[in-house]
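Reader: I am new to protein models and would like to learn how to read one, feature by feature. Could you take me through an example?

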Amino acid sequence: MGTISEKIFSRASGEQVKADEFVIADVDYAMAHDGTSILAVKSFRDMGVEKVWNPERIVIPFDHLAPANTEITASLQNDIRNWINDQQIEHFYEIGYGVCHQVLPENGFAMPGKLLVGADSHTCTYGAFGSFATGVGATDMAEIFASGKLWFKVPESIKITVDGTLKNHVYAKDLTLYIIGKMGSAGATYKAVEFYGDVIENLSMSGRMTLCNMAIEMGAKTGIVPPDDKTFEYLKNRAVEDYEPVYSDEDAIYSEEYHINADELEPQVAKPHSVDNVANVTDVSGTKVDQVFIGTCTNGRLEDLEVAAEILKGKKVSVRTIIVPASRSTMIEAVNNGTAEILLDAGATFGTPGCGPCLGGHMGVIGEGEVCVSTANRNFKGRMGKGGYIYLASPATAAASAITGEIADPRDI
Ligand SMILES: CC(C)[C@H](C(=O)O)[C@@H](O)C(=O)O
Ligand code: SF4
């Protein structure tokens with residue numbers, strides 16, 4: 001009897017475990033990207049281990065500063081490329097392939113019942129597929145590279161049930177921001193959050209990824225949506241191996257349970273400089289905007305670009321608008337189905353699939369005093385550039401704001 005997390009950790013550790021117990025678990029897939037692999041590989045080398053535990057279970061996408069922004073980055077990335085080659089790691093995804101948290105699901109690594117660990121905090125995205133997926137630091141990742149194992153405290157679980165229907169122009173992102181606003185940025189610290197209810201069942205896989213992606217923003221170890229036919233359909237011809245879905249039992253123990261009715265939910269924004277500083281878009285509409293950024297592992301998928309295109313069709317942006325597809329295949333689909341043309345016609349510009357300016361490293365850093373409406377997951381002070389202000393919103397709100405040059409409600413466009 002147990003929660004999804006207890007069951008996954010019981011399987012991965014080979015013993016029946018409950019929340020709060022410590023385990024040493026076998027990791028199914030380990031991920032590090034260009035940013036974190038540098039430190040992880042350094043620690044791995046320092047340990048004096050020659051070979052990784054299993055080169056087929058390590059996945060490395062280059063996405064954060066990709067293509068490289070400076071000579072130093074370029075040299076560091078080359079060192080990692082050589083290491084990947086020496087270690088015969090096959091699942092290496094070069095620059096332009098996309099954001100790690102899009103690349104792993106697209107390539108079938110995120111599967112129900114699996115334990116995935118990534119050297120990136122938004123690894124929790126894969127909980128959308130019913131996996132237990134969480135982020136660790138680079139030295140922990142070095143341990144996994146060496147042994148395939150890591151210690152964990154099995155988390156307690158929180159159950160959030162969302163019933164009702166999302167109104168027109170209210171999306172998974174609005175719901176996610178609303179939940180984080182209510183929970184607070186530390187409201188789910190070290191817990192696994194399981195999501196249930198009609199609204200969650202009706203979300204696309206893309207919407208579920210948006211939701212689970214931001215579980216870390218309320219402090220959670222991970223967010224999990226129980227797998228269903230949509231999950232299995234997505235994984236058809238994609239899953240890299242067999243998987244066994246796990247579900248929480250009727251009598252599973254939750255530390256907290258919350259019920260939300262989404263019927264009256266309005267488009268939401270997270271105001272600077274914290275993710276839980278959430279308000280209705282109408283409370284901030286009219287705020288002058290300098291840049292709009294649509295992309296990231298939160299909202300850079302095809303569905304997101306399509307929503308933006310629906311709003312921007314036949315219109316023109318009045319501020320610089322940067323679109324960064326979450327992956328190359330997203331970009332190909334957006335080109336093939338006409339979405340990219342609508343966005344370009346409206347005056348938006350495209351960046352290389354990957355993280356883009358999300359982290360303020362390149363391709364759209366903002367200046368002192370500038371305001372950016374971003375579809376990303378974090379709006380910490382200085383994240384996209386020193387002295388900048390970030391408002392987090394859905395792709396629809398971002399697109400509406402791009403037209404008016406001020407924060408705008410997509411229902412008014
Ligand atoms: C660079 C990386 C360590 C970081 C993370 O872990 O989340 C980044 O992806 C982010 O979104 O801030
Ligand atoms: S898109 Fe942003 S949040 Fe996602 S992994 Fe990249 S830097 Fe982190």
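Author: We will go through the domains, the ligand surroundings, the annotated cysteines, a helix and the nonpolar core in turn. Please keep in mind that this is a predicted model.

Reader: Where should I begin, and which domains does the assignment give for the protein chain?

Author: A sensible start is to divide the chain into its domains, and here the assignment gives domain 1 (4–259) and domain 2 (269–412). The C-alpha centres of these two domains lie 24 Å apart, and their contact takes 34 residues from domain 1 and 32 residues from domain 2.

Reader: Which helix gives the most to the side of domain 1 that touches domain 2?

Author: That helix is α6, which contributes 6 residues, while α4, α6 (172–183) and α8 (205–213) each supply at least two. Sorted by class, the residues on this side of domain 1 comprise 12 nonpolar, 17 polar and 5 charged.

Reader: How do I read the surroundings of a ligand, and why does ligand 2 lie between the domains?

Author: One looks at which parts of the chain supply the residues around the ligand; domain 1 and domain 2 both give residues to the shell around ligand 2, and therefore this ligand lies between them. Of the 13 residues in that shell, T296, C297, C355, C358 and L359 come nearest. The elements that give two or more residues to the shell are α4 (100–106) and α11 (296–299), and its classes are 7 nonpolar, 5 polar and 1 charged.

Reader: Which residues are around ligand 1?

Author: The residues there are G35, T36, H64, D120, S121, H122, G135 and L359, and by class this shell has 1 nonpolar, 6 polar and 1 charged.

Reader: Which residues does UniProt list under "binding site"?

Author: An annotation from a record can be set beside the coordinates, and the unreviewed UniProt entry lists C297, C355 and C358 under that name. They are spread over 62 residues of sequence, yet they cluster in space, with a largest C-alpha distance of 9.4 Å.

Reader: Is C355 buried or exposed?

Author: One counts the C-beta neighbours around a residue, and a residue with 20 or more inside 10 Å is called buried. C355 has 31 such neighbours and so counts as buried, and C358 also counts as buried because it has 27. C355 lies in the loop between β16 (349–350) and β17 (371–374), and the place of C358 is in the loop between β16 and β17 too. Leaving aside neighbours within four places in sequence, C355 is in contact with D63, H64, V99 and T296, whereas C358, with residues up to four places away not counted, touches T296 and A376.

Reader: How many residues of helix α15 are buried?

Author: In α15 (residues 395–404), 9 of the 10 residues are buried, so this helix is largely enclosed by the rest of the structure. Among the buried residues are P395, T397, S401 and I403. Just after α15, G405 takes a positive phi of about 80°.

Reader: What should I look for in a nonpolar core, and which residues have the most contacts inside the largest one?

Author: In soluble globular proteins, nonpolar side chains tend to be buried together. Here the largest nonpolar core has 136 residues, and those with the most contacts inside it are A308, L312 and L343. This core draws at least three residues from each of domain 1 and domain 2. For a closer look at L343, its contacts, not counting residues up to four places away in sequence, are L305, A308, A309, L312, I323 and A348.

How values were computed: Residues numbered from 1 in each chain as written. Chains lettered and ligands numbered in written order. Predicted model: local features only at pLDDT ≥ 70, side-chain atom pairs only at ≥ 80, totals over all residues. Near = placed C-beta within 6 Å. Helix = DSSP H or I, 4+ residues; strand = E, 2+ residues; numbered from the N terminus. Nonpolar A, V, L, I, M, F, W, Y, C, P; charged D, E, K, R; others polar. Domains from an automatic or database assignment. Contact = placed C-beta atoms within 7 Å. UniProt positions renumbered as here; feature names shortened; annotations may be inferred. Buried ≥ 20, exposed ≤ 12 C-beta atoms within 10 Å, placed from the backbone. Core = buried A, V, L, I, M, F, W, Y, C linked by C-beta atoms within 7 Å.
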